[in-house]
Amino acid sequence: MRKAIKPSYLEARNRLDAIGLKPTLARITVLQVLLEAPEHWSNARDVYKDLTQRGEVISLSSVYRTVSEMLSFGLLLVQTDLDGKRYYRMNISEHSSLHWVHYKDAEQPLPFFDETLRERLAEVLFSAGLSLDDTPITVHVASSQLDIPTPSCLASIGAHLRPSSAEHFSIGDNPMPPFRLRLLSYALISLTAVGCLGAAHAQDSLQNEDDVYALTPVVVSGSKRNETLERFNGAVSVADRFVLEDAQVESTLELDRVFPELYMSHSATFLFPIITLRGVTSAQDFYNPALTVYVDGVPQLPIFAAQSLLGVEQVELLKGPQGTLYGKSAQGGVLNIVTHKPNNTPEFVARGGVSSRGGYQLQAEGSGPLVQDLLYGSVSLLTNDVNGDVRSDVIGSNRLGGVRSRAGNAKLRLAPTGSPWELGLSAGRDCATGDQEVYTLYDDYKSRRAYVLPDLPHAYRDFYQRRCANSFSATGQYDFDIWRLSVIASSQRADTTRRWPLDAYFPQFAEDWKQNTQEVRIATRRAEDGEQQPRAWDAVFGLYRQEVDLSRGYQFDMVLPSFYRVVDSNSSNRSESLAGYGDVTWHLTSKLDLTTGLRFSRDEARTSFQGDQMGTAFQGRASGSQNTWLGHIAAGYQFAPQWRGYVNVAQGYKPLGYNLAPSNVEDAKGYGRERSISYEAGVRYTGRDVRASMALYRVDSKDVQLYGDGDFGYQTLKNVGDTRSLGVEFNTEWDVSRQLTLSAGGFINDATFRRFEDSSTCTGCKDNDVPMAPRYGLTLSAKGNVPVGQTILRPQLTVRRTGAHYFDSANTLRQSAYTLVDAGLAWSPTSNLELMLYAHNLTDKAYRSYGFSYGATGNFAQVAPGRTVGLTATYAY
């Protein structure tokens with residue numbers, strides 16, 4: 001295994017950008033291995049072995065495909081030994097029209113030039129849908145008199161070659177003996193075309209030329225079996241670190257920049273993210289996001305769904321219920337975050353930046369071996385400050401509405417080289433403080449002026465939210481036969497503080513959260529390439545246990561005209577879940593798969609609370625339990641190498657429970673589980689220049705958990721009715737040329753109440769729109785790479801359109817459709833340094849991100865940030 005220092009991912013990315021080859025994780029990791037020893041000849045299996053020893057998740061076929069792509073784009077050179085095995089190394093020559101011929105007995109390759117040959121070779125490649133740039137060509141022959149046979153795919157080429165007389169060549173002052181150029185041309189076209197088309201050897205090539213140029217398969221770790229995206233029987237979107245960096249995504253709340261089908265916002269503060277996917281939303285159930293967030297296999301606390309992204313390799317959005325693949329309930333889908341695994345190669349990335357309104361970012365990540373081939377470690381640190389742009393003369397600030405984060409993570413990985421097992425430890429802390437819970441009058445949001453009473457006492461002129469979370473996890477895995485056994489245990493502790501003025505009132509609360517999870521999972525490993533007997537089935541089975549405890553103190557004070565404590569309460573809630581799940585995919589034929597899954601869960605919930613409301617004491621204690629069975633069935637068919645279709649039916653649920661913010665005796669009644677069933681049919685295309693996917697879906701939800709009776713601050717969670725969501729979503733990416741990629745993605749959605757139980761907050765709401773579920777969304781993007789001297793400029797432009805939607809079930813608080821424009825320009829002055837100039841909301845569009853009604857006091861809204869311009873510098877080693 002190589003001991004050289006691994007080139008940075010920026011250096012590898014710049015090389016790919018320079019030749020117009022889209023950077024992906026697979027291409028970057030393979031290229032980094034080859035760059036470590038650019039003059040060393042490596043077989044694809046050697047590269048694969050090197051990568052797997054480092055802990056990279058990649059298949060042998062992906063390595064073959066990747067080196068074939070790089071070869072065809074002139075980034076690599078190839079030679080074939082007498083056994084037909086092919087070896088690759090970096091093409092370190094300067095681009096020119098000079099070609100090379102390598103004799104078996106010669107110590108150095110011999111140069112020659114033949115423009116007619118190059119023109120003819122370009123014609124041959126063009127007829128196959130390929131192109132020839134000015135990259136030097138190398139030919140390896142046994143001797144000048146060797147008769148090299150033409151492969152069958154090029155059998156007709158030799159007859160069309162023009163005869164050429166013998167030529168004399170020399171290296172320096174040393175003349176070379178004459179040889180017939182026609183023979184050399186014959187060999188050159190035969191061997192070079194074979195190298196480009198990949199038809200020389202079954203083990204070292206792909207049989208379809210579109211396979212060579214299609215993107216290397218994306219591995220979806222969220223499938224639990226490391227399936228490729230192309231073979232997954234469901235809707236998945238994947239964004240790797242390069243996509244995230246280009247969009248300046250620094251937290252989970254910004255992932256809608258890279259996932260057009262996802263709507264993300266927050267209600268009041270970052271503590272309560274609003275996530276809507278396919279009409280399934282957590283708009284009013286503040287403590288239970290519609291999507292379950294996982295980080296390296298660990299489910300996150302609901303108030304920790306909005307968190308900083310540290311050391312992320314890729315983020316996967318699995319759409320629809322995932323209960324037969326994941327232990328924690330995942331009704332709307334799963335947001336699976338995969339971070340970097342430390343390995344034998346040292347890496348270091350530092351990033352710093354500044355942005356509008358005095359914002360800044362500092363981030364550093366380092367990883368590498370602590371004991372070579374045995375123990376590895378990594379450390380990630382981040383601090384950033386994002387100021388808002390809401391102003392208040394009363395408070396004396398024009399930067400309200402911002403958030404400041406401090407986060408860190410450390411990992412240890414024990415993985416002896418060649419061993420079937422590994423162990424891991426991870427510890428992290430993420431603290432965020434902000435003044436986001438600031439509101440404008442609903443119809444005055446464009447002024448960005450906070451609603452604060454001018455005579456509010458100074459002691460209550462305080463917008464403050466804080467959340468600190470500590471996360472710990474221990475993991476282990478063991479490979480045997482076709483199986484991988486995985487064990488994950490995790491613990492999260494989070495405390496929150498929140499206080500803010502609202503009209504003449506001053507609410508405040510403090511919470512302590514504790515979550516412990518354990519999961520044991522056994523799954524088949526992805527079949528190795530070249531297995532003699534294709535596997536007839538693949539499966540995943542798991543057991544899951546979860547405990548969540550919450551202690552909460554809440555005060556609601558009236559501070560004008562004089563102080564009066566309206567509500568003072570304390571509560572504790574506990575929930576426990578046990579689940580067993582399994583998912584089996586039957587490979588009925590080489591093209592047809594059938595998947596079936598089953599899940600059983602037992603959920604228990606308890607609540608205890610007491611308090612005083614306007615002089616009247618209240619208290620409650622209750623408990624409940626419920627068993628739930630869920631099923632899953634899907635089928636996929638490979639119509640062609642580039643085309644795959646699938647159908648998927650899955651059940652999901654949210655468990656029973658009690659209001660986590662109790663304010664009266666009604667909260668002891670609790671609410672029952674919410675159930676849903678999702679139907680979808682989709683198609684996916686992965687071609688040479690175009691990649692596309694589309695899915696039609698219908699989601700029926702029964703006994704939806706939303707706030708019912710009560711004014712704001714006194715509402716009670718209950719099962720309000722049934723909803724149905726119908727829609728279509730799509731994603732398309734087109735490589736117009738090596739320098740330009742266009743993409744389009746979005747959704748059309750109709751989510752309505754089919755049944756609604758009347759309450760004081762909503763009467764006659766049947767057929768109303770589900771809150772926070774936009775009617776449509778559309779994202780258009782253009783990305784380029786422009787060579788400028790020895791450097792690359794990467795401009796990008798994104799336009800996002802979000803359809804109209806409501807903030808309440810009564811459909812009285814409406815946000816009209818709006819359009820956002822983002823732009824960026826990246827430049828790498830050196831191989832290890834990148835500068836990025838960017839602008840979010842370039843047109844400074846004002847729109848509401850949240851709204852609510854506060855009885856007779858009026859309606860209020862939060863306004864999204866305006867134009868933000870920033871500059872970041874990234875150094876990678």
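## Exercises on a predicted model

The structure, which is a predicted model, holds twelve cavities of 30 Å³ or more. The exercises below begin with one of these cavities and then turn to strands, a helix and a single arginine.

**Exercise 1.** Describe the second largest cavity by its volume, by the residues closest to its centre, and by the strands and residue classes of its lining.

*Solution.* Start with the volume: about 690 Å³ of space lies in this second largest cavity. Next, take the lining, which is made up of 43 residues, and among these Y287, N288, K328, S575 and P655 come closest to the centre. Then assign the lining to secondary structure: at least two residues each are supplied by β15 (292–295), β30 (537–558), β31 (564–587), β32 (592–613) and β34 (643–654). Finally, sort the lining by class, which gives 21 nonpolar, 13 polar and nine charged residues.

**Exercise 2.** Place β15, one of the strands that supply lining residues to the second largest cavity, in its sheet, and state which strands form the edges.

*Solution.* The sheet is open and has five strands in the order β11-β17-β18-β15-β16, with mixed pairing. Its edge strands are β11 (236–240) and β16 (298–299), each of which pairs on one side only. At the β16 end, β15 and β16 run antiparallel and are joined by two bridges, and in this pair V295 stands opposite V298 of β16.

**Exercise 3.** Work out which strands pair with β41 (residues 791–802), and give a residue pair for each.

*Solution.* Take the partners in sequence order.

1. Strand β39 (residues 776–784) runs antiparallel to β41 and is joined to it by seven bridges; here L780 has V799 of β41 as its bridge partner.
2. Strand β40 (residues 786–788) is also antiparallel to β41, with three bridges between them, and V788 stands opposite T791. The hairpin of β40 and β41 has two residues between the strands, and G789 takes a positive phi near 65° there.
3. Strand β44 (residues 818–830) pairs with β41 over ten bridges, again in the antiparallel sense, and the bridge partner of R801 in β44 is T819.

**Exercise 4.** Decide whether helix α1 (residues 9–19) is largely enclosed or not, and say what follows the helix.

*Solution.* Count the buried residues, taking buried to mean under 20% relative accessible area. Nine of the eleven residues of α1 meet this criterion, so the helix is largely enclosed by the rest of the structure. The buried residues are Y9, L10, E11, A12, R13, N14, L16, D17 and I19. After the helix comes G20, with a positive phi near 80°. For the wider setting, buried residues make up 57% of the 877 residues in the chain.

**Exercise 5.** Is R413 buried or exposed, and which polar partners does its side chain have?

*Solution.* First locate the residue: R413 lies in strand β24 (residues 403–414). Its relative accessibility is 7%, and it therefore counts as buried. Turning to the side chain, a polar atom of R413 lies 2.8 Å from the backbone oxygen of P342, while a polar contact of 3.2 Å joins this side chain to that of E422. Lastly, leaving aside residues up to four places away in sequence, R413 touches R54, G55, K341, P342, N343, L374, L375, Y376, E422, L423 and G424, a list that includes both P342 and E422.

Definitions and conventions
Residues are numbered from 1 along each chain as its sequence is written. This is a predicted model: local features need pLDDT of at least 70, side-chain atom pairs count only at pLDDT 80 or more; totals for chains, interfaces and linings use all residues. Side-chain values use heavy atoms; hydrogens and water are left out. Helices (H or I, at least four residues) and strands (E, at least two) are DSSP runs, numbered from the N terminus. Buried means under 20% relative accessible area, exposed over 50%, partly exposed in between (1.4 Å probe, protein chains only). A polar contact is a pair of N or O atoms within 3.5 Å; within protein, one must be able to donate a hydrogen and the other to accept it, and residues adjacent in sequence count only if both atoms are side-chain atoms. Contact means heavy atoms within 4.5 Å. On a 1 Å grid over the protein atoms alone, a cavity is a set of points where a 1.4 Å probe fits but cannot get out, and a pocket is an open set with protein on both sides within 12 Å along at least five of seven lines; lining residues have an atom within 4 Å of a point. Grid points are joined across faces, edges and corners, and a volume is the space filled by probe spheres set on the points. Ala, Val, Leu, Ile, Met, Phe, Trp, Tyr, Cys and Pro count as nonpolar, Asp, Glu, Lys and Arg as charged, and the others, Gly among them, as polar. Two strands pair if DSSP finds at least two bridges between them.
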